Each structure stands twice: as structure tokens, then as C-alpha cells.
Amino acid sequence: MTLHRIPFPICFAAALATLCLALPRHALAQDKGEELPQITITDPNRNLLKLGIPNAGGEGALATEASGIARRNFVLVGLFQVLNPVSFPPALQVEGLGFSSALWSQVGAQAVIKLEVVAGDQKTLKGRLYQTGRGDKATFAKDYRGADLRMLVHAFTNDVIKELTGVMGVFGSRIVFARPKRELMSVGMDGEHPAVHTNMRSDCLLPAYSPTGDRIAFTSYLSRTPDLWVVPSRGGRASRVSKREGMNTGAVFTPDGGSIVLTLSFEGNAELYRIDARDGKVQKRLTDHPGIDSSPSLSPDGSQVAFVSNRQGTPQVFVMPTSGGAAKRITFRGNYNQTPRWNPRKDKQQIAFTGRDEKGSFDVFVADLQKNEILRMTQNRKSNFDPAWSPDGRLLVYASSRGGLFVLNPETLNEEHVWKGNARSPYWGPAPTLGQ
């Protein structure tokens, strides 16, 4: 990819493959702002529920697989301290689906997961949840049937998470991402079941799922210009939605899926517009400022848009009503903040973004608009960028110079490596429907 394709001062940041603002050195010096916050290290397990997952019963290889998937799931969500099964005495390993609250309390378990797998064309997964403080009866029990064992364990995991937290889990959801100079790809949130979504044989960048997950919007250089395309997520031919002169980038669907907000520059400057998601007709121009406006992200109800602008000297995150009105700057710490992503939970006024610290490293931060504070999510782990929220607003996924994608729980700071291949600009799809 070469910068001469873009006829105004926007570039793709090195190794990010995501839209950023290229400003002259004197502009960066105008507004250094306060230093970005640092992480204070505390006991990472202080609030985690201690969870025992003994080896599953039933069909040998399938039982081993089910146990591994379950342990990985409950570690990944960052809410549980999964106890090492090696520490379980033999009496606990041979209980089957039964349960002794007194014995499990002795190994420190607060909750226990029991699984049993029955083989066949349609596998059966028997899942049980016990809580040691509530006696010897299961507090949740359900059988799941289907051909894909991983999806059965995901469905059980989601139900257990809801039972313990009140909010359904999102295992089975997918994360789409760009690969440098390659096609768009997606993986399950656990890094499994990879799929390729495009066959453009050109740079494909900045993907975004539609609200129902049936479409993916992205920018491609197939015609040597940054045009906006949409492709069916389950396979099919991509269609070009916007091919206006200049840039057609950074697309995000509105909550109803009928429109797309993105950056266009056909009128001379990089501004935010709302266009029809099917035919690309301009519905409304959202910004009108000599600065460069990019990287839109919509609030859960679509009433507000967060974006990046250099209108006050350096790239910072702003918020404005999508109906029109003044933009309010929300980042005042750090001199280079970009790629905002709004938490999809309506009760969480949070925007994750990428910030460059005083050492020149990129890291993931969360701006809490209710508390008027910025929290640092990553630190001293090379560069981390392009955060995106899970559909339940509980987790963040981001790309890293360490290679691939990482998932982090902002409350516990538990981080897990889910994809080890090249990845840029991840976008988390909607919550799954697993036939529950």
C-alpha cells in the first residue's frame, strides 16, 4: 500500500492498518496534554470466583475435548479462577454428574462445572452447575444436542455465565479483522473456527459487522482507490456501496442496519456522513469542520457518534449528536488518541480507544463518560491498538504488535491470546443464537 493513493493528509499508521491522522511535527507539539494514566498492579485474582472443572465423563476423546473447551472458556471471560484439576483428589474425579458440597469446599471451589458427553451423529452434552454454598443439588442443569461439540460447550458456558452473573455469555460470537495485504477473516471469540470472507486480491481494511451479523462493511483498494464494499458474512459476492472520489472509509452500521456512517472526502475535506447501507446514497453530512474527522463509532441507541479529529491540534476523540450539533472533546490526556469504540451496553457510557503514551507506545484505554475518567487497559506489553467491545460490553478485543488478537476483561484485566496470526482492526460481531 502506498500513501500517494490518498490525495490529502490522512495515512494508514504503521502496522495498524486503521485510519489515523498524519499531522506535522509542529501540530503535535501544540497540544501535548497530560500524560496518559498508568496501571496500578493489584492482586488479579482478588474478585474472581473459584471454579472447579473436573474431567468430563462419557466418550473418551470427546470428553477430554469438552473439558478443555470449558476450561478455556471460563478463563477467557476473565471472571473466574479456574482451579487446576491436578489438585483434585481422586474422589472428586470420579463423582460423575453427582456432587459433594463438603468435599469441593475443601479444595477451595466456590462453584463446580460437571460435563458428560454422549457420542453419536447428534452429540449430547450434559451440563451441570453446582455452587458449594447452596448444597448438593445442581443450581443449573441442561442437556444440549448438536453436531458441533464446541458449540454445545459454548451454549452451556453462556447459560452458566447468565446463572452466575445475570447476563448471558457471548461464546459463539465472532470477531472479524483485516490481515495486511490479504483478505478479511473472522474467528470465534475463542480463536477457533476461522473463516475467510473476501476474495478481492487487494488490500481489505477496517471491517465492521452489521447489527445482525449478516453483512460486513469494509474498505478495499480493488479499484486502486479506497472504496466501501459490503459482503455477506456467510459467503457471497461483495458489492461496492460507495465509490466517491477520495476516501470511503471507517464504516459503521447504524443500530437498525439501514444506514452506514463513514468518512468521505469527495467534497474536499474528510468529514463524517451517513449513507444508505444498500445503495450508498448520502442521507446526511454529520460534520463540517476544516479539521480531519474520521473513525466514527455510534452509541448503542445511535443518538451519538464518537470520532477522531485534529480540529484542536492533535488527534483526539470527540462526541456529537448524530442529529447535529456541537462536538465535545472527551480526551485531554495524551497527544495522539484514535480508533474510538463505544461500549454496546446502554448502562455503560464508555468509549475504548487507542492512545500513544509519552514513551511512544500505543495502548488501549477506556474513557468513562459517567465518571469523567480514563482507565488504562494495557501497559508494558509492546503496542496494543484498535480495541473493540464484545456484544455484552464485558470484554475487549484488540490487535497487538506481539502478534495477533488479545481479549481482555476491563474489570479484572485478565488478558488472553486468542489469535496468533497477523490481524488489524478487529470488530466484534453480535451475540450468537446457538439454538438454546
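In what order do the four strands of the open sheet that includes strand 17 lie, and is their pairing parallel or antiparallel? The close-up views below, all taken from a predicted model, begin with this sheet.

**View A. The open sheet of strands 16, 17, 18 and 19 is shown with its edges and one pair of neighbours.** The four strands follow the order 16-17-18-19, and their pairing is antiparallel. Strand 16, spanning 248-253, and strand 19, spanning 282-285, form the edges, each of them pairing on one side only. Averaged over the sheet and with direction ignored, neighbouring strands are turned by 30 degrees against each other. Three bridges connect strand 18 (residues 271-276) with strand 19 in the antiparallel sense, and arginine 274 has lysine 284 in strand 19 as its bridge partner.

**View B. A second view shows the open sheet of strands 20, 21, 22 and 23.** Here the four strands are arranged in the order 20-21-22-23, again with antiparallel pairing. The edges are occupied by strand 20 (293-298) and strand 23 (328-329), each of which pairs on one side only. Strand 22, which covers residues 316-321, runs antiparallel to strand 23 and is joined to it by two bridges; valine 319 has lysine 328 of strand 23 as its bridge partner.

**View C. Helix 2 and helix 5 are shown where their axes cross.** The axes of helix 2 (residues 60-76) and helix 5 (residues 149-165) come within 10 Å of each other and cross at roughly 40 degrees, and the two helices are therefore oblique to each other. The crossing in which helix 2 passes helix 5 is right-handed. On the helix 2 side, the residues in contact are Leu62, Glu65, Ala66, Ile69, Ala70, Asn73 and Phe74, and they meet Leu149, Arg150, Val153, His154, Thr157, Val160 and Ile161 of helix 5.

**View D. The largest nonpolar core is shown around leucine 405, together with a separate core.** The largest nonpolar core has 45 residues, of which Ile113, Leu125 and Leu405 touch the most other members. When residues up to four places away in sequence are not counted, leucine 405 touches Ile175, Phe177, Val397, Tyr398, Ala399, Glu416, His417, Val418, Trp419, Ala423 and Pro426. Apart from the largest core lies another core, made up of 22 residues that include Leu184, Val261, Phe307 and Met320.

Notes: Residues are numbered from 1 along each chain as its sequence is written. This is a predicted model: local features need pLDDT of at least 70, side-chain atom pairs count only at pLDDT 80 or more; totals for chains, interfaces and linings use all residues. Side-chain values use heavy atoms; hydrogens and water are left out. Two strands pair if DSSP finds at least two bridges between them. A nonpolar core is a set of buried Ala, Val, Leu, Ile, Met, Phe, Trp, Tyr and Cys residues joined through side-chain atoms within 4.5 Å. Buried means under 20% relative accessible area, exposed over 50%, partly exposed in between (1.4 Å probe, protein chains only). Contact means heavy atoms within 4.5 Å. Axes are lines fitted to C-alpha atoms, for helices over the stretch in contact, and angles run from 0 to 180 degrees between N-to-C directions. Angles under 35 degrees count as roughly parallel, over 145 as roughly antiparallel, 65 to 115 as roughly perpendicular and the rest as oblique. A crossing is left-handed if the near helix is turned anticlockwise from the far one by less than a right angle, and right-handed if clockwise.
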